2 protein chains.
Amino acid sequence: MAQKTAPDSNRRSERSRRAIYDAALALVGEIGYPKTTIEGIAARAGVGKQTIYRWWSSKAEVLMEAFIDLGVQAAEAAGAGDWAEADGIPDTGDIEADLKAVLRATVDELLDPRYDAPARALAAEGVANPAFGAEFVGRLLMPALELYVRRLRAAQDAGQIRADVDPYIARDLFSAPLAQRWLQGTGPLDHAYADALVEYALYGLSPR
Amino acid sequence: MAQKTAPDSNRRSERSRRAIYDAALALVGEIGYPKTTIEGIAARAGVGKQTIYRWWSSKAEVLMEAFIDLGVQAAEAAGAGDWAEADGIPDTGDIEADLKAVLRATVDELLDPRYDAPARALAAEGVANPAFGAEFVGRLLMPALELYVRRLRAAQDAGQIRADVDPYIARDLFSAPLAQRWLQGTGPLDHAYADALVEYALYGLSPR
């Protein structure tokens, strides 16, 4: 959002904002989302709760911004080539290798406690609260899914995916199974699973 | 649970139980899960709330039993051949046709308002509350997924699915995309989508 304030004030705002993000993520990891409150976040961040309400309307909104920021920080730490950045999934010319790399990285992220607690809380809030769910899906999930669509289209151009495949459907064969095992615990979530998904989807379950 | 009561008492219990199920499903559909309470269910069912607490410990437990009962009622109404019953997914000898029939029926069920509101509430409660989630997944989701595993194994025996495919992974290519589109609204959920999922998974995305 555009802020018409002096540079010093902007720096202070930025420090408060980062402290609020850190406090929200820490509390959700330590005491869980249901017990996390705006008051608790404010106390831990060392700001007044009015500072939080000036920027956000609910703890779910705070946590979503904090989670998006966590992804941006991770991408910056990993360098500009990180696939989670707007650059998209890497294109080495080998769709099988590139999809396996992305799915393995996604598995690692889903199993990382720093991501797991807030991501699960946001998913739960999104399922329970349709308005927040639409915002969560639109701001976090759809952009990630769009990266698959772009990489699949490039593979179609390279003749590695059939031209008649709808990339918006094909994309779901990779993302949805990971999400289901992570959210609902329907089976092991590891690199072997990621690899098998890619092989099954690319080459099919029926004999060639 | 075994009830050591006279037949007359059993019939009254059965009537109360059915009234409680109907009340729980109706309230969740009308006012939503968050506003539905044990007190509200009891009032609508015409029973004391102690009657409910004698059998269940929370509104989530009541709703899960009611939802399981709804599935049993629907299966009985549809006759013994209904795939949702323990009989499993039909085996006509054509895995593509059988999977398409099941996925289309699942799409219809997910879009049916009688199922949508309670199923969404149970999914949300399961994501937010890990202990309930494990029970929900174990009692409702895993048995449904096991039907896919059994049908895929039969297709392996018939040579329609490769022998080296793990049916517990293959199963996820069908169930998880439907669940993601339904829960998170990431794209249209219709029969054309169901058909495409089956074709992509069976024959692969890459050129044959």
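**A friendly note on chains A and B**

1. A good place to start is a single contact between the two chains: the side chains of A:R181 and B:D172 meet in a salt bridge, with 2.9 Å from N to O. Keep in mind as you look at it that this is a predicted model. The count of salt bridges between chain A and chain B is two.

2. Which elements of chain A give two or more residues to the side that touches chain B? They are α6 (113–128), α7 (130–157), α8 (167–170), α9 (172–184) and α10 (191–203). The element that gives the most is α9(A), with 11 residues. You may like to find these helices in the structure above before reading on.

3. What kinds of residues make up that side of chain A? Sorted by class, the side touching chain B has 29 nonpolar, eight polar and eight charged residues. Polar contacts also appear here: 28 residue pairs are in polar contact across the interface of chain A and chain B, both residues being at pLDDT 80 or more.

4. Now for the interface as a whole. In total, 45 residues of chain A are in contact with 45 residues of chain B. The size of an interface is often given as the accessible area lost when the parts come together. Between chain A and chain B the buried area is about 4100 Å², and carbon and sulfur atoms give 62% of that area. Three residues deserve a look: A:V127, A:Y200 and A:L205 supply 18% of the area that chain A buries against chain B, more than any other three residues.

5. Let us turn to the annotated part of chain A. In an unreviewed entry, UniProt places the feature "domain: HTH tetR-type" at residues 14–74 of chain A. Over residues 14–74 the chain is 80% helix and 0% strand, with its end C-alpha atoms 18 Å apart.

6. The UniProt annotation "DNA-binding region", again from an unreviewed entry, covers residues 37–56 of chain A. How much helix and strand is there over residues 37–56? The chain is 75% helix and 0% strand over residues 37–56, and the end C-alpha atoms are 13 Å apart.

7. Finally, one residue to try on your own: A:E30, which lies in helix α1 (residues 7–31) of chain A. Is A:E30 buried or exposed? A:E30 counts as exposed because its relative accessibility is 52%, and the cut-off for exposed is over 50%. Although A:E30 and A:A117 are 87 residues apart along the chain, their C-alpha atoms are separated by 9.0 Å.

Definitions and conventions:
Residues are numbered from 1 along each chain as its sequence is written. Chains are lettered from A and ligands numbered from 1 in the order in which they are written. This is a predicted model: local features need pLDDT of at least 70, side-chain atom pairs count only at pLDDT 80 or more; totals for chains, interfaces and linings use all residues. Side-chain values use heavy atoms; hydrogens and water are left out. Helices (H or I, at least four residues) and strands (E, at least two) are DSSP runs, numbered from the N terminus. Buried means under 20% relative accessible area, exposed over 50%, partly exposed in between (1.4 Å probe, protein chains only). Contact means heavy atoms within 4.5 Å. Buried area is the accessible area (1.4 Å probe) that two parts lose on being put together, summed over both. A salt bridge is a side-chain nitrogen of Lys or Arg within 4 Å of a carboxyl oxygen of Asp or Glu. A polar contact is a pair of N or O atoms within 3.5 Å; within protein, one must be able to donate a hydrogen and the other to accept it, and residues adjacent in sequence count only if both atoms are side-chain atoms. Ala, Val, Leu, Ile, Met, Phe, Trp, Tyr, Cys and Pro count as nonpolar, Asp, Glu, Lys and Arg as charged, and the others, Gly among them, as polar. UniProt positions are given in the numbering used here, feature names are shortened, and annotations may be inferred rather than shown by experiment.
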